[in-house]
Amino acid sequence: MAPTLESEEHKALRSAVAALGTRYGREYLTTVVKEGRHPHELWSEAGKLGYLGVNLPEEYGGGGGGITELSIVLEELGAAGCPLLMLVVSPAICGTVIARFGTDDQKQQWLPGLADGTRTMAFGITEPDAGSNSHRITTTARRDPAGGDWLLTGRKVFISGVDIADATLIVGRTEDSRTGRLKPCLFIVPRDAPGFTRHPIDMELNAAEKQFELVLDDVRLPADALVGDEDAGLLQLFAGLNPERIMTAAFAIGMGRYALAKAIEYARDRSVWKTPIGAHQAIAHPLAQAHIDLELARLMMQKAAHLYDTGDDTGAGEAANMAKYAAGEACVKAVDQAVHTLGGNGLTREFGLASLITAARVARIAPVSREMILNYVSHQTLGLPKSY
């Protein structure tokens, strides 16, 4: 089936997840954020229903699907007002990397828990001095010649959910690859590993998932903490980064749909000059444009997910970047137009849209900025010279 046409199974999944999201909704998530905790109840129920692990192998308790199915889960929860950001990190990035490159022991140890939600894993790649240039990663892994253990040293920033995660999948580089092209290595670092400390980052953004700076000070890990091959290079890394971009698109589309639905409801009901304000083209047309942009972004997201799930990593890389760009832009515009439609009410707590103004920016900034995506498309797709 073409990736732009959903199967009956996908429609059923979308409907079921939407029903779960409706039972919780924006009010639940707002309460969780106010109390400073993780939406454990929703996460746990989604895990028991099989939604968290739809992309993971059946032999390890997953649904045997792909990023296509997982993106549906995140989008529909977002459209209901209660997106689970850790879906991007735990099953999509970490689960995918372990499923593709992990040892049998690593798969047995982690995948069942990631699938049913009883275990979570964070992902650490961004560094203070690297930013978008992952080739400047300085977190270093060196072997202890005495026993073969790994010793990790470095810093990470803006790492989501470390406080609730059982472990963090850390991206580093081996000591002998400090120069030349990046050859990333991925390590599973338990949350209580000696020398592994975290410091919360004070964010203006109100979200259930907190952001942290991590310090790794000669963190000693057994040899089997390495996921995959230390010489595999970028393949392993982008096995996680492409799903991350696709899932960020799903996050943005869901948020945009939620905001748009609120604005449409308001425009139908609110009357100022005898007719509902939605009858006026100055209100109706921008909302229609926002809807079109979100639908177009979903098409690219579905294409990217389809390419990834069928094993076309190169094609998925291009499409995932485009999907993330399109969805980020569509989300920001939808939220902005929704707030504008409500006027002063759009800034009240009662309607719950104002907080989305900040949240919508996340999809433009993370996990890669729109400018870096335009750089990627200009030189990878269009063949233009690199500027950096």
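Begin this tour of the predicted model by selecting Cys185 and then Cys94, whose sulfur is the closest cysteine sulfur to that of Cys185 and yet lies 16 Å away, which is too far for a bond. With the surface switched on, Cys185 can be seen to count as buried, because its relative accessibility is 0%.

Select Cys82 next, together with Cys331, which holds the closest cysteine sulfur to that of Cys82; the separation here is 15 Å, again too far for a bond. Cys82 also counts as buried, at 0% relative accessibility. Since a disulfide requires two cysteine sulfur atoms within 2.5 Å, neither Cys185 with Cys94 nor Cys82 with Cys331 qualifies, and the count of disulfides for the model comes to zero.

From Cys82, move to Leu77, which touches Cys82 and also Val17, Leu20, Gly21, Leu42, Pro83, Leu84 and Leu87, when residues up to four places away in sequence are not counted. Leu77 is listed with Leu87, Met121, Phe123 and Leu169 as having the most contacts inside the largest nonpolar core, which has 95 residues. To follow this core further, select helix H6, residues 234-269, which gives the most to it, with 17 residues. A second core, separate from this one and made up of 20 residues, can be located by selecting Ala122, Val189, Ala193 and Leu226, which are among its members.

Finally, turn to the surface and select Ile292, Leu296 and Leu299, which form a nonpolar patch with about 270 Å² of accessible area together. Colouring helix H7, residues 281-309, will show the place of Leu296 within that helix.

How values were computed:
Residues are numbered from 1 along each chain as its sequence is written. This is a predicted model: local features need pLDDT of at least 70, side-chain atom pairs count only at pLDDT 80 or more; totals for chains, interfaces and linings use all residues. Side-chain values use heavy atoms; hydrogens and water are left out. A nonpolar core is a set of buried Ala, Val, Leu, Ile, Met, Phe, Trp, Tyr and Cys residues joined through side-chain atoms within 4.5 Å. Buried means under 20% relative accessible area, exposed over 50%, partly exposed in between (1.4 Å probe, protein chains only). Helices (H or I, at least four residues) and strands (E, at least two) are DSSP runs, numbered from the N terminus. Contact means heavy atoms within 4.5 Å. Patches are made of residues with over 30% relative accessible area and no salt bridge: like charges are joined within 9 Å, nonpolar side chains (Val, Leu, Ile, Met, Phe, Trp, Tyr) within 5 Å. Accessible areas come from the Shrake-Rupley method with a 1.4 Å probe; for residues, only the protein chains shown count as cover. A salt bridge is a side-chain nitrogen of Lys or Arg within 4 Å of a carboxyl oxygen of Asp or Glu.
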